[in-house]
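Reader: I am new to this structure. Please take me through one part of it closely, and say how far the model can be trusted.

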Amino acid sequence: MNAFSNPCRPGALLLALACLPAVLCAGEAEQLAADILKAGAADKGLCVHAGTTDGALEAALAKASGFYVQGGAADAKAVQPAAQALFAAGVSEHASVVWFEAPDVLPYADNLVNLVVVDAWGQARVPAEEILRVLAPGGRAVVGSDGSPTAVNGLDAKLKALGVADCKPLGRKGWVSFTKPANAKHGVWTHMFSDAGLTYTNDDQEAGPFEELRWVGAPRWGSLYNTYAARVTAGGRIYYKEHRRSPAGHQSWLIARDAYNGFELWRIPAGAEWAKTFDHTDATLCCDEENVYLVEDNTLVAREGASGKKLRVYPAGFTPKMVTCDGDVLIASTTGRAAGLDKRAGRVIWTRACMYHPAVEGGMAVVASKTDLEALNARTGASAWNAPLGPLPAKATPETSVKGGTVYVTMRIPYGKGPQQIVAYDLKNGNKRWDQAFPVNYGILPYANDLWLLTRENGKKVDNLSATVVDPVSGTKRQEFTAKGGVGGHCFPAKGCANFLLYSSSWYLDMASNASTDPQTVRSPCRLGQIPANGLTYYLPHHCDCKVSLRGFLAMARRGARAWSADSDRNRAPQPVRSGSARGAADQPGDWPVYRHDAQRSNGTPAALPAKLKALWSAEGGGGKMTQATSAYGLVVVAETERHRVVAREAATGKERWSFCADGRIEFAPSLHRGLCLFGTGGGTVYALDAASGAEVWRLRAAPAQKYIGEENQFASAWPITGGVLPINGILYFTCGRAPRVDGGTRLFAVEAASGAVRWCEAGDTAADLFVSDDEALFHCRAPLNIANGKRFPINYKAKGNVLTTTQYLSAVAIADYVACVEPGPADKKHIALSDGRIKGEAIAFNDQFSVAGWRYVPGTPGWQQRQGQSFMYVMGSWTWRHEDIKMQLVAVMLAGENAFAAATPIGRDPKVKSELWVLNGADGAKTQVLPLEGRPVYDGLSAAGGRLFVTTEDGRLLCFGE
């Protein structure tokens, strides 16, 4: 099978992807962008323009909207000039250009893109199915040709045959727009418990055991119960509450993302301080197709889903602990009391005494009191019927749910304390249908025609979850069985979609076959669990490291419509594209050639720095986060991560020597080796440039296919280069991919630095990570590998000397994952730290004699109960000293000679407090110099070479200190 095999049927509608479209001047591009945006698409999200040659339309669209715009050029030679033009236009953080390798394929995952623009209609051809495949439901396409306005004639009839009903003229001659219809197989999850019926289930027919990653968002870590409190989705958006530090202290944020690609649409403070409600979760967050509702500062409010704008305040008469919505009504409850409120008018319609939040279906609300069950019209409060509950068991709470016309009242006692008594009633008249006890402890999941009950035997590790299926009307057991395999226990209940039940970290039960699947790889935070919706399964960031190889806010998908690569393609070594030659240069002992200086990743150099430092120069790049700087050949080189740009400057003066724009994010510092500048991108490509001129020498797409997903408000390959590249003796070592069981897995490469030729390529079996070496073996996510062929050494192989690794709690964690998030809030309860075998911390440096680290008191650190969250710095080895009660966070620690250096930044990102550069005597820790810094240093943002110290910052500054 070809890597870009086309599954579309012959004779399908063909759309144009321009080979040689006319170049637009700035004014023409701006007018076309304005016309496109008038078509009515959302003004934020991910946009693709097929046919670009110069970047003008990408720049115009990015400036006029909140889209991230990616242009797809049919000519590879057009990419670099267009990318440089985007930088010159000041939009390279919001726009990029790549080469579309296959003329008949849009290289994007299914249901991903909000706006597709195709100009120069009628030249190269892409099937209509391709545009509809990549568009998110509700996404819009704008297509046409200024040069051939008749090319769109008859397009509306052809689109109608594909299920598109709204092909409309654009208002620009020769152009039309159309919208991808909503997918009837996708479900929503509008409440903490899925729906107003409180069922923990929905009708999504496409969510299920995942094979692909659709999108990933930041941060990569969460902090036990404290980072995330709620998540709901409808209307193509997913809303959630997150705890982050701010200048005001601990802050709760309400965030909205595009549910199909993860693009962050807005973020607003949601209450002045973080509040743990309803057992560490916020059950007041709910939504409908248009708006989102929640309690802020003890008041129920409505916010517009598209913008976050506050629309209305609801005087419920109490502070709700739980809120649901059904049609035009909001139902709010607190201990002992519930109320129905008119969504639009904001007034209270009815109130009732209750023991649990009312469940609603078909406009009928069911309220349980201590003695009886009442059904009432949710829109008027008029009572429909009452039924006696009977005596409650000791310490029981009558929890209600309703589905398919059956009301379930569970006489809930604490899980594990005995069987759960379930009573079923007819929603129409209140007649009791049945009353039974079941040994259920992990899931009561009502469907229209079945009631699924799940029970886990906590003392067993294998075949430990049993299911009972009950008839809703009669209460008879339809089937009982034990699921094969082991199911881990968690502090959240099971959930269900149309075809699968979901539980544990990533366990699925096929409801038709009773077969279970556990792809592992991911897990969701405590108390919340994962949710199925929009054809995806969503996982919020978490703190744990038990069998986890993929981190972040994740949207996982089943296999998409397109087969991106066959096994034969994946196992074949890719071929580099050679385009030039390097002048060559000699590497020197005083260089800082790679991320964290050397193959051991020590972040230390034996070369000393001057006794007293002063600012020599500073340079501002395009803005945005930079990587650590590397330095050799009289140059200092950094990557501007979000702009996909590498910049080389003269180390002595800061003058820019050259820059180069790549095909994706560059998250780790470029490497300098034998006259080459080498780096990997989120686009799945490794580049080799001539370090002297910045000219491309070769590039290698290590990704098995050109396929883009969503990542942190941009596009990224499904198989990025993770952790940069490590050169050793003319060979580059790097990882391509994200996790072993997602998108076909990861691959580990050894490539010749001079030519890009592949020496060896092995399948990875751990989380993707950067490579570390003791000069005799490689280490990848703690796994020892033979440097000659990439094969695994025995797991008990010990490194020769000190090398950077992570400590181990339950399973190995990638260094690349650890260093991606050291913010105190989300990362507060990591079970692990960085280590060199001698010291532990979140920022460390070491040499043969001693190690230095900056850390915070976290669980497991001696004395953490009294000092949790406080920062400290300490040394171990030939010297020992310790600084306690540091009021700042140490985000970078470096050694140069026998002195230590640290970059300290204000906790909470208070803009009134400047970051600092500390110079410390290695022997006793005495601070010999404290220098204020402009900008906030990036993590590991210190490096040194040629008697100069370099600092990189999150706002795009490169600072140089020396004599």
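Author: Start with an open sheet of four strands. Their order is S55-S56-S57-S58, and they pair in the antiparallel sense. Strand S55 (721-728) and strand S58 (758-764) are the edge strands. Each of these two pairs on one side only. Direction ignored, neighbouring strands of this sheet are turned by 15° against each other on average.

Now look at one pair inside this sheet. Strand S57 covers residues 746-752 and runs antiparallel to S58, with six bridges between them. One place to find on the model is Thr746, which stands opposite Gly764 in S58. In general, strands of a sheet pair through backbone hydrogen bonds, either parallel or antiparallel.

A second sheet helps to set this one in context. This open sheet also has four strands, in the order S44-S75-S74-S73, and its pairing is antiparallel. Strand S44 (614-620) and strand S73 (937-945) each have a single partner strand, so one side of each is left without a neighbour in the sheet. Here the average turn between neighbouring strands is 20°, direction ignored. Strand S74 (residues 948-953) and strand S75 (residues 957-962) run antiparallel and are joined by four bridges. Thr952 has Leu958 in S75 as its bridge partner.

As for trust, this is a predicted model. The protein averages a pLDDT of 91, and 94% of the residues score at least 70. Over residues 1-22 the pLDDT stays under 50. The model has 76 contacts for that stretch beyond four places in sequence. Residues 274-278 also have a pLDDT below 50, with 14 contacts beyond near neighbours in sequence.

Key: Residues are numbered from 1 along each chain as its sequence is written. This is a predicted model: local features need pLDDT of at least 70, side-chain atom pairs count only at pLDDT 80 or more; totals for chains, interfaces and linings use all residues. Side-chain values use heavy atoms; hydrogens and water are left out. pLDDT is the predictor's confidence in each residue, from 0 to 100. Contact means heavy atoms within 4.5 Å. Two strands pair if DSSP finds at least two bridges between them. Axes are lines fitted to C-alpha atoms, for helices over the stretch in contact, and angles run from 0 to 180 degrees between N-to-C directions.
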